[in-house]
Amino acid sequence: MTANARSLPAPEELDALQLEVAGLIVEALNLDVAPDTIAADAPLFGEGLGLDSIDVLEVALVVSKRYGFQLRADNEDNVRIFRSLRSLTEHIATQRTQ
Amino acid sequence: MKRRRVVVTGIGLVSPFGGDALDFFGRLLAAESAVRFFESPDVPRPLAIPAVRCDGFDVDGVLGRALAGTMDRFSQLGAGAALAAWRDAGFATDDRSEKTDCGVAWGTALGGTLAYERGYRELWLNHRPRISPLSVVLGMNNAAAAHIAILFGLANACLSYTVACASSAVAIGEAFRRIRAGEATVMLAGGSDAPHAYGVVRAWEALRVLAPGDADNAPRACRPFDSGRSGLVLGEGGGAIVLEERDHALARGATIHAELAGYGSTCDHTHLVRPEMRGQLRAIAQAMQDAGLARDEVDYINAHGTATREGDPTEIAAIREYFGGRARHIAVSGTKSMHGHLLGAAGVVEAIVTVLALRRGVVPPTAWLENVDPDCSGVRHVAGSAERVPALRAALSNSFAFGGSNAVLAFRTH
Amino acid sequence: MESLAIVREFLRERLSVPSERVHLSAALADLGVDSLMLLELMFEFEERHGSPLPRDIKTPKTVGELIEVVDGLSGR
């Protein structure tokens with residue numbers, strides 16, 4: 001947890017953010033699915049959404065820009081952060097500056 | 001007669017980061033530099049320069065020791081890249097049957113200079129009366145191409161192009177022309193170089209174009225377009241693409257990475273090292289006209305961008321002259337900032353970056369670009385981090401060589 | 001080192017050929033020794049003996065024939 005991390009917001013706020021993040025992923029990667037059909041705990045890599053390492057980088061770029069914090073490619077926590085839509089959303093919720 | 005179209009169905013390279021082409025691209029997107037401080041064991045003055053190396057390349061594992069032993073490093077790097085590209089194209093890498101409609105076009109600036117240096121050391125320093133019988137086949141400039149042809153039974157033309165920094169861009173362009181002319185269906189095009197031979201590096205140092213650096217700051221030694229840029233970084237590497245006639249690719253259900261739509265090849269005919277804006281301009285124009293591209297269709301240019309004082313502004317001037325008002329909207333990146341100057345492999349590796357950028361809609365940055373030199377302004381420099389460019393339609397890859405030869409490749413999204 | 005051992009070491013190091021396959025009647029071509037590699041192998045013997053083999057020798061086809069040539073000419 002970094003020094004300026006926020007705590008997790010209330011569940012409804014988190015759900016709304018999750019849908020927003022799903023929308024960002026769909027738009028960034030031109031996916032052929034509706035954002036609300038991406039299961040919160042389905043894996044983003046491999047089966048599930050089937051993203052590869054370049055896709056993850058692209059998502060990191062749009063997330064960094066939209067929520068105002070750096071998602072660095074060499075962050076060892078990335079495997080954990082990008083495991084699922086839920087884990088990514090929670091990470092954004094605690095790190096966002098805008 | 002409808003003109004034949006040519007597409008890219010396979011890509012492969014030997015990466016300084018140790019992974020495959022996609023991993024390489026991902027690290028460029030993350031602005032990761034492969035430049036390190038390289039110290040050689042030469043005496044009395046060891047080499048000590050920022051450089052890009054492929055130390056993780058498992059030569060024996062990829063090629064087998066028997067084959068690797070008949071190759072100088074530049075051929076090993078080339079064969080490694082060619083295997084990856086051929087496999088990526090969906091062709092069997094153990095099929096040596098004769099393929100008369102498939103050929104090789106390979107670029108190398110230096111050829112087997114490491115083999116020559118070993119030979120000279122034995123003869124002149126160690127006073128051996130004779131050298132290994134393999135010396136000729138190790139050192140000859142066409143060795144990489146020949147090995148690649150043997151590996152896959154490539155029986156069409158097998159040619160090697162030596163055009164300094166533009167060698168593999170030229171190889172790709174000439175292979176493109178051969179397919180378009182109906183003289184081949186598939187061409188394995190690429191290039192490789194291993195430039196860290198002692199004499200070679202000393203020669204480059206004498207030209208005063210190598211970026212200085214030490215163990216701490218080596219990764220940021222190459223800074224294209226920055227007002228603090230200080231020269232280029234020599235790298236070893238190998239890259240290959242499979243070019244294929246479009247109908248043939250579609251018929252066999254090949255994955256198509258991008259279309260190679262145009263090629264410009266010109267000469268400055270002015271100076272041996274100083275670049276000339278008008279020669280580069282003509283190459284850009286030729287590639288654009290060959291591809292039938294309008295100025296406002298080009299969304300990205302992978303620059304030659306070696307980070308020399310003279311070269312960078314000349315290239316930007318040529319881009320601005322051709323594209324006029326459109327220039328400031330075109331994303332430009334100098335990826336040598338991260339992978340160094342691969343000489344004979346530069347053209348193909350940068351073409352691979354351009355193809356992947358088109359395919360994925362995201363362009364890598366010019367790393368270490370903090371203050372754009374006023375002489376290099378006027379285009380949309382992608383600095384610091386990668387940029388998504390949705391609906392990327394067409395891109396150029398530039399290679400402007402010592403000696404004045406210019407090669408520009410124009411790719412379209414397929 | 002006697003000649004068969006030299007051949008075995010060369011083939012193991014350079015061509016990854018296991019030593020069990022390297023016996024006197026084995027055909028050089030079967031062991032991966034083409035015309036280029038034969039030159040390299042003969043060069044290895046020349047380096048160890050410090051003298052070149054004459055140019056007019058008959059091209060050996062088997063390990064045994066090669067050893068005859070190099071042993072005969074080194075006076076062993």
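A crossing of two helices is called left-handed if the near helix is turned anticlockwise from the far one by less than a right angle, and right-handed if clockwise. Keep that in mind for the helix pairs further down. What you're looking at is a predicted model, where local features need pLDDT of at least 70 and side-chain atom pairs count only at pLDDT 80 or more, while totals for chains, interfaces and linings use all residues. Residues are numbered from 1 along each chain as its sequence is written, and chains are lettered from A and ligands numbered from 1 in the order in which they are written.

Let's start with who touches whom. Two residues count as in contact if their C-beta atoms, placed from the backbone, lie within 7 Å. Of the 2 pairs of chains that touch, chains A and B share the most contacts. Chain A and chain C, on the other hand, have no contact at all, and their closest C-alpha atoms are 37 Å apart.

Take the A and B pair: 10 residues of chain A meet 11 residues of chain B. On the chain A side, helix α2 (residues 53-67) gives the largest share, with 6 residues. (Helices are DSSP runs of H or I with at least four residues, strands are runs of E with at least two, and both are numbered from the N terminus.) That side of chain A splits into 6 nonpolar, 1 polar and 3 charged residues. Here Ala, Val, Leu, Ile, Met, Phe, Trp, Tyr, Cys and Pro count as nonpolar, Asp, Glu, Lys and Arg as charged, and the others, Gly among them, as polar.

Now for chain C, which puts 8 residues in contact with 7 residues of chain B. Two elements of chain C, α1 (3-15) and α2 (35-49), give two or more residues each to that side. The largest share, 4 residues, is from α2(C). By class, chain C brings 4 nonpolar, 2 polar and 2 charged residues to chain B.

Next, look inside chain B. Its domain assignment, with bounds from an automatic or database source, gives domain 1 (6-251) and domain 2 (263-412). The centres of these two domains of chain B, taken over C-alpha atoms, are 21 Å apart. Their contact takes in 57 residues from domain 1 of chain B and 56 from domain 2 of chain B. Several elements give two or more residues to the domain 1 side, including β1 (6-14), α1 (21-29) and α8 (167-180) of chain B. The largest share there is the 8 residues from α8(B). Sorted by class, the domain 1 side has 34 nonpolar, 16 polar and 7 charged residues.

Finally, two helix pairs in chain B. Axes are lines fitted to C-alpha atoms, for helices over the stretch in contact, and angles run from 0 to 180 degrees between N-to-C directions. Helices α4 (residues 73-88) and α7 (residues 143-152) of chain B pack at about 35°, with axes 9 Å apart, and the crossing of α4(B) and α7(B) is right-handed. Among the residues that meet are F74(B) and W86(B) from α4(B), and I148(B) and F152(B) from α7(B). This contact of α4(B) with α7(B) has 9 nonpolar, 3 polar and no charged residues.

The other pair is α11 (residues 277-291) and α12 (residues 311-323) of chain B, whose axes come within 9 Å and cross at roughly 50°. That angle makes α11(B) oblique to α12(B); angles under 35 degrees count as roughly parallel, over 145 as roughly antiparallel, 65 to 115 as roughly perpendicular and the rest as oblique. The crossing of α11(B) and α12(B) is right-handed.
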